[in-house]
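Please examine how the protein in this entry holds its ligands. The account below takes the two binding sites in turn.

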Amino acid sequence: MSDSIPISVPEHVAIIMDGNGRWANARGLPRSMGHRKGVEAVRETVRAAGDMGIKFLTLFAFSSENWRRPEAEVVGLLGLLKAFIRRDLGELHRQNVRIRVIGDRQNLQGDILPLLIEAEETTKDNTALTLVIAFNYGSRDEITRAVASLARDVEAGRLRPQDITPALIDARLDTAGIPDPDLIIRTSGEERLSNFLLWQAAYSEFIFVPDYWPDFSRALFASTLKRYAARDRRFGALSASQTAAVGS
Ligand code: IPE
Ligand code: IPE
Ligand code: MG
């Protein structure tokens, strides 16, 4: 690949794809056009992530709170996700992409759930990029379901409270088996998590970019990775240079 690729490529990048509506409004277009254009940015980003050697890419597609939007917008967003899977699943499979879906699967209406399951099943043995689609996802909901599942095990006598560890909680989350995100990117200038990966983001680096999601590009992605590579991640300990200074 090109020599502009940073040395320290994050294993897992998670993206809060925000600003579709504002992108459209700025052009006098309906919000739905922003969502449509956003799908193109998704395609480009997935390809770029694979090329850059990222192993996990999580995309926040629809939150557990996005049902609060007007019904027409919700229907439009679900339609775009379904169309994306129908149209792109074959190509993603050819690219050796494995698809995982996180979020609550209970009470999903219509043909969305079978499609999500088909995407996971078709690609389950692929070994290049893992594309994690966060759909009907909210971190508090995810943690609540994990805690309830542990409580059921305690009630049934299969688990003792003193044996509950962070690793055990990890294993009950929708993201079980997926490493924590190294980098979380949010587009559109908003600087909040909006109920995304609260547990998993404990030591993530955050990069907020002002660009709206439909304008996200390979070049912008590469520039965020460059910023990430310059970060000093310590995980509560000391960095190599700090440790050297202590010794001197
Ligand atoms: C992101 O864009 C897409 C989803 C949340 C599904 P928005 O629809 O939130 O766009 P803004 O934030 O209103 O501009
Ligand atoms: C977060 O964006 C959810 C997704 C990107 C799918 P929102 O646009 O829903 O977040 P808020 O409401 O501005 O916090
Ligand atoms: Mg938004």
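Which atom of N20 lies 3.1 Å from an oxygen atom of ligand 1? A backbone N or O atom of N20 makes this approach. The model is a predicted one, and its backbone also reaches ligand 1 through G19, where an N or O atom lies 3.3 Å from a ligand oxygen. R69 contributes through its side chain instead, with a polar atom 2.6 Å from an oxygen atom of ligand 1. On its own, ligand 1 has 370 Å² of accessible area, of which the protein covers 86%.

The wider surroundings of ligand 1 comprise 13 residues, the closest being D18, G21, R22, R31 and R69. By class, 3 of the shell residues are nonpolar, 5 are polar and 5 are charged. Helices α1 (20-26), α2 (31-52) and α3 (71-94) each provide at least two residues of this shell, and α1 gives the largest share, with 3 residues. Ligand 1 sits in the largest pocket.

Ligand 2 likewise takes up space in the largest pocket. The residues around ligand 2 include D18 and R69, which are also among the closest to ligand 1. Side chains supply several polar contacts here: an N or O atom of R192 is 2.8 Å from an oxygen atom of ligand 2, the corresponding distance for N66 is 2.9 Å, and a polar atom of D18 lies 3.2 Å from a ligand oxygen. Taken alone, ligand 2 exposes 390 Å², and the protein buries 77% of that area.

Strand β2 (residues 56-63) supplies the largest share of the shell around ligand 2, 3 residues. That shell divides into 5 nonpolar, 2 polar and 4 charged residues.

Notes
Residues numbered from 1 in each chain as written. Chains lettered and ligands numbered in written order. Predicted model: local features only at pLDDT ≥ 70, side-chain atom pairs only at ≥ 80, totals over all residues. Heavy atoms only, no water. Near = heavy atom within 4 Å. Polar contact = N/O pair within 3.5 Å; in protein donor to acceptor, adjacent residues only side chain to side chain. Areas by Shrake-Rupley, 256 points an atom, 1.4 Å probe, with all protein chains shown as cover. 1 Å grid on protein atoms, 1.4 Å probe; cavity = no way out; pocket = protein on both sides within 12 Å on 5 of 7 lines; lining within 4 Å. Sits in = over half its atoms within 2 Å of the grid points. Helix = DSSP H or I, 4+ residues; strand = E, 2+ residues; numbered from the N terminus. Nonpolar A, V, L, I, M, F, W, Y, C, P; charged D, E, K, R; others polar.
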